[in-house]
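Work through these exercises with the model open beside you. Try each task before you read its solution.

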Amino acid sequence: MSLPAAALLVLSAAAAPARPAATPYWPTREWKQRAPAEVGLDAARLEDAIAFARQSETSEPRDLERAHYTTAFGREPFNEAHGPFRTRGEVTGIVVRHGYIAAQWGEPDRVDMTFSGSKSFLSSVVGLAFDRGLIPSLDAPVYQAMAPTFDRAGRALELFESPHNKTITWDHLLRQTSDWEGTLWGKPDWADRPAEDLQKDIARERHAPGTVYEYNDSRVNLLALAALEVWRRPLPQVLADLVMEPIEASRTWRWYGYEDSWIVLDGALVQSVSGGGHWGGGMFISARDQARFGLLSLRRGRWKDRQVLSEDWIRRALTPTGAQPTYGFMNYFLNTDGKLWPAAPPAAFAHIGAGANIIYVDPVNDLVAVVRWIDPKAAAEFVKRLLASVQGP
């Protein structure tokens, strides 16, 4: 027996997965939730991905200060922690599709360290300065923006005196291709992830900026200090006023530096924050606020009727680095070659920190997923299972 045309339309509408609304949904302080099926996700397969994440907790200690001293970081020279640590929570995550929360697990409101996830917030405050003309060009040498700088003991910070260091631009620091040499906050550049032949590495000739990618937290902290010099106000205040308040994040996040990363600025002591938790500090934030930042990234820097970060800045951040095509600006990890997540589209990217702390952003599937304290080796399989739940465009 054939059904009436009207009935066929009803059945078709009921079976079809939801499409993004013509006017996208924007979370307010209260973030709306939808059942997985309402946003085009298969509930059983989504639950499978969540169960896998729960079962794949990192083996590192929950006491993160202990983890610092008992893992590779603790065996580095000059390894003393100078910033705060906090014991972490359980495996946690949030899945957002079409702007709505489709699933969450663990402790999504718990404020935890995010380690190098902090770098994405750091590059954002640099982007805000660039968007406002405080940094006229990303190809300008950074030293030109640096005034004479003194720590709280009155010691001058001589950071760009060498001919090599004078050639380093904002783009080089953002892409971790500067090969800056020096010491900042008691941490020499060579002490971070030291080379096997350390003396040879210290004595070598510097690579031309832009030619070699090297992940290095001393140089990241240099970028944070340079951004502080440009803004002439604490970076957490800049981030709060121009990013976190506009996206209606909570007021529970904190961004820390080190006990010795204070400078004299306009007659006051100001802390220069760190771009990670390598030696403690960095961004302490909830998974829910991480998801808001992920949604901001997904929507090209826009939140409601406000362009928080320019679309031009997001485009630059997602442009592959010549010396490392799977990396954009810090800390945008790109899936351009499909090696990071073979199941994900090439346009997918993520903000990643140790832990692992991952904000997965997928423009093709209109999807954001935060997963925290998962074994990094399990991340690709989690993404594969997550994407298996996607039913709709």
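**Exercise 1. The largest pocket**

Task: Find how much space lies in the largest pocket, and say which residues are closest to its centre.

Solution. The largest pocket holds about 770 Å³ of space. Its lining has 34 residues, and G353, A354, G355, A356 and P376 are the closest to the centre. Keep in mind that this is a predicted model.

Next, sort the lining by element. α3 (64-70), β12 and α12 (379-388) each give at least two residues. The largest share comes from α3, with three residues.

Last, sort the lining by residue type. There are 19 nonpolar residues, ten polar and five charged.

**Exercise 2. Two cis peptide bonds**

Task: Look at the peptide bond from G355 to A356, then at the one that joins M330 and N331, and give omega for each.

Solution. Start with a rule: most peptide bonds are trans. Now check the bond from G355 to A356. It is cis, with omega near -5°. A356 sits in the loop between β12 (349-353) and β13 (357-362). G355 and A356 were also named among the residues closest to the centre of the largest pocket.

Then turn to M330 and N331. A cis peptide bond joins them, with omega about -5°. N331 belongs to the loop between α11 (311-317) and β11 (332-334).

**Exercise 3. The open sheet**

Task: Trace the order of the six strands in the open sheet, and say which strands stand at the edges.

Solution. Recall that strands of a sheet pair through backbone hydrogen bonds, either parallel or antiparallel. Here the order is β2-β1-β14-β13-β12-β11, and the pairing is antiparallel. β2 (100-105) and β11 each have a single partner strand, so one side of each is left without a neighbour in the sheet. From one strand to the next, the twist averages 15°.

Now add the helix. α10 (residues 287-298) packs on the sheet and touches β1 (92-97), β2, β11, β12, β13 and β14. The direction of α10 makes about 145° with that of β14.

**Exercise 4. Strand β14 and its partners**

Task: Say how many bridges join β14 to β13 and to β1, and sort the residues of β14 by the way they point.

Solution. Take β13 as a partner. β13 and β14 (residues 367-372) pair in the antiparallel sense over six bridges. One pair to find is I359 and its bridge partner V370 in β14. The two strands form a hairpin with four residues between them. In the turn, D366 has a positive phi of about 50°.

Take β1 as well. β1 and β14 run antiparallel and are joined by six bridges. G93 stands opposite V371 in β14.

Now sort the side chains. In a regular strand they alternate between the two faces of the sheet. In β14, L367, A369 and V371 point one way, and V368, V370 and R372 point the other way.

Finish with exposure. Buried means under 20% relative accessible area. Six of the six residues of β14 are buried, so the strand is mostly covered.

**Exercise 5. Positive phi and the largest cavity**

Task: Give the phi of Q176 and of D179, and decide whether each residue is buried or exposed.

Solution. Most residues other than glycine have a negative phi. Q176 is not a glycine, yet its phi is positive, about 60°. D179 is not a glycine either, and its phi is also positive, about 55°. Q176 lies in the loop between α6 (170-175) and β4 (183-184). D179 lies in the loop between α6 and β4 too.

Now compare with the cut-off of 20%. Q176 has a relative accessible area of 6%, so Q176 is buried. D179 is at 5% relative accessibility, so D179 counts as buried.

Then look at the space beside them. The model has three cavities of 30 Å³ or more. About 40 Å³ of space lies in the largest cavity. Its lining is Q176, T177, S178, D179, H207, V212, E214 and R219. By type, that lining has one nonpolar residue, four polar and three charged.

Conventions
Residues numbered from 1 in each chain as written. Predicted model: local features only at pLDDT ≥ 70, side-chain atom pairs only at ≥ 80, totals over all residues. Heavy atoms only, no water. Buried < 20%, exposed > 50% of the residue type's maximum accessible area, 1.4 Å probe, protein only. Pairing = 2+ DSSP bridges. Axes fitted to C-alpha atoms, helices over the stretch in contact; angles between N-to-C directions. Contact = heavy atoms within 4.5 Å. 1 Å grid on protein atoms, 1.4 Å probe; cavity = no way out; pocket = protein on both sides within 12 Å on 5 of 7 lines; lining within 4 Å. Points joined across faces, edges and corners; volume = space filled by probe spheres on them. Nonpolar A, V, L, I, M, F, W, Y, C, P; charged D, E, K, R; others polar.
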